[in-house]
Amino acid sequence: MIEIMNKSQLLQLDNHGRLRHFLTIEGLNAPLIQSLLDKAEGFLDISRQPIKKSSLLQGKTVTNLFFEPSTRTRTTFELAAKRLSADVMNINIATSSTTKGESLLDTLRNLEAMHTDIFVVRHDQSGAAHFIAEYVDKNVAVINGGDGRHAHPTQAILDMLTIRQHKSSFENLRVAIVGDILHSRVARSELQALQLLGVGEIHVIAPKTLLPRFIEQYGVKVFYDLSEGLRDVDVVMMLRLQKERMLSALLPNEQEYYRCYGLTEERLACAKPDAIVMHPGPINRHVEIAPSVADGKQSVILQQVSNGIAVRMAVMAMIMENRSS
Ligand code: NCD
């Protein structure tokens, strides 16, 4: 995993330190993240207009290459590309030729022959987006839409945008990340983004079995008790139990997990009164979050989804600008 990270950092930047692919948050810097956030802020206005279009990617082709199920990420990438006037292809690998024995590289070559400009890749294997970025034609950009447990960089940026909309600065914040951190690419990318933006204090709250070993080395405070970890936090980031990635039983059962780690109104009261509640989705009600909290006034979960469109527009626009200048 460490090797993927280091190589991805190098591969995604051009000689001027600008994004040419977007594979991971690791290795970026605060000004680059801030400029993505500013750009996304500008695109939010387009989504509010009666005609939701910009011509920035007119004549370009974006291919969504999804090897793993997705609702929010795929559709928001698709909408983002369409709002920038690109042509969009959605390739669902479950119904494509790779199931007829065609190799991934052959599928790629065929899609390149259709003159794709951007591949958005989602895959259950860590390093998949990096692999494609390594082998793809040099004129094609790759954006990681989530690879295994490794990274989900656009999710981290859209979450930073959501935080920025509610809180005046990152430096003074206390942020809690709660749940299945071990299997979460979202948590990994969030941690890196929060740290790059200089967040004051990060709490990770989970049962021991759902925490990576040596998590303290990430400069976070570890809590096994939810109420304790939530004390006076400004932002609560909930995570889904990634049961599809659990190789063995790491938990007694979902009811027990909810009893100890479910975010109920009572527990949320330990956080600051103006704390926001975030979740990348899909949410599992009564597993990690109470419906009254998911739908409550502190929840910004649906705002995260809307922000996802603007952020994905910003990433695509920035990469295409960098490539044309
Ligand atoms: C996340 C993912 O797929 O990594 N969802 C998302 O992209 N919105 C988180 C999850 O599946 O729990």
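**Exercise 1. The second largest cavity**

Determine how much space lies in the second largest cavity of this predicted model, and establish which residues line it and how they divide by class.

*Solution.* Step 1: the second largest cavity holds about 40 Å³ of space. Step 2: its lining is made up of Ile 181, Ser 184, Ala 187, Arg 188, Leu 191, Pro 212 and Ile 215. Step 3: sorting these residues gives five nonpolar, one polar and one charged.

**Exercise 2. The largest cavity**

State how many cavities of 30 Å³ or more the whole structure contains, then describe the volume and the lining of the largest cavity.

*Solution.* Step 1: a search of the whole structure yields two cavities of 30 Å³ or more. Step 2: the largest cavity has a volume of about 50 Å³. Step 3: among the residues lining the largest cavity are Asp 159, Glu 190, Met 237, Met 238, His 279 and Gln 304. Step 4: at least two lining residues come from each of α7 (185-196) and β8 (235-238). Step 5: by class, the lining of the largest cavity comprises seven nonpolar, two polar and two charged residues.

**Exercise 3. The largest pocket**

Characterise the largest pocket by its volume, by the residues closest to its centre and by the classes of its lining.

*Solution.* Step 1: the volume of the largest pocket is about 350 Å³. Step 2: the pocket is lined by 21 residues, of which Arg 122, Arg 185, Arg 240, Gly 281 and Pro 282 are the closest to its centre. Step 3: the elements giving two or more residues to this lining are α3 (72-83) and α7. Step 4: the lining of the largest pocket divides into five nonpolar, nine polar and seven charged residues.

**Exercise 4. The five-stranded sheet**

Give the strand order of the open sheet of five strands, identify its edge strands, and locate α7 relative to the sheet.

*Solution.* Step 1: the order is β7-β6-β5-β8-β9, and the pairing is parallel. Step 2: β7 (221-223) and β9 (276-278) are the edge strands, each pairing on one side only. Step 3: the average turn between neighbouring strands of this sheet, direction ignored, is 20°. Step 4: within the sheet, strand β5 (residues 174-178) is joined to strand β6 (residues 201-205) by five bridges. Val 175 has Ile 202 in β6 as its bridge partner. Step 5: α7 packs on the sheet, where it touches β5, β6 and β8, and its direction makes about 170° with that of β5.

**Exercise 5. The four-stranded sheet**

Describe the open sheet formed by four strands and the helix that packs on this sheet.

*Solution.* Step 1: the strands follow the order β2-β1-β3-β4 with parallel pairing. Step 2: the edges are β2 (87-92) and β4 (141-147), each of which pairs on one side only. Step 3: neighbouring strands are turned by 15° against each other on average, direction ignored. Step 4: β1 (residues 61-66) and β3 (residues 118-123) run parallel and are joined by five bridges. In this pairing, Thr 63 stands opposite Phe 119 in β3. Step 5: helix α12 (residues 301-324) packs on the sheet and touches β1, β3 and β4, its direction making about 150° with that of β4.

**Exercise 6. The overall fold**

Count the helices and strands, and assess how compact the protein is for its length.

*Solution.* Step 1: the protein has twelve helices and nine strands. Step 2: its radius of gyration is 19 Å, close to the 20 Å that the globule rule gives for 325 residues, so the protein is as compact as a globular protein of that length. Step 3: along the principal axes, the C-alpha atoms fill a box of roughly 55 × 45 × 35 Å.

Terms used
Residues are numbered from 1 along each chain as its sequence is written. This is a predicted model: local features need pLDDT of at least 70, side-chain atom pairs count only at pLDDT 80 or more; totals for chains, interfaces and linings use all residues. Side-chain values use heavy atoms; hydrogens and water are left out. Two strands pair if DSSP finds at least two bridges between them. Axes are lines fitted to C-alpha atoms, for helices over the stretch in contact, and angles run from 0 to 180 degrees between N-to-C directions. Contact means heavy atoms within 4.5 Å. On a 1 Å grid over the protein atoms alone, a cavity is a set of points where a 1.4 Å probe fits but cannot get out, and a pocket is an open set with protein on both sides within 12 Å along at least five of seven lines; lining residues have an atom within 4 Å of a point. Grid points are joined across faces, edges and corners, and a volume is the space filled by probe spheres set on the points. Ala, Val, Leu, Ile, Met, Phe, Trp, Tyr, Cys and Pro count as nonpolar, Asp, Glu, Lys and Arg as charged, and the others, Gly among them, as polar. The radius of gyration is taken over C-alpha atoms; the globule rule is 2.2 Å times the number of residues to the power 0.38.
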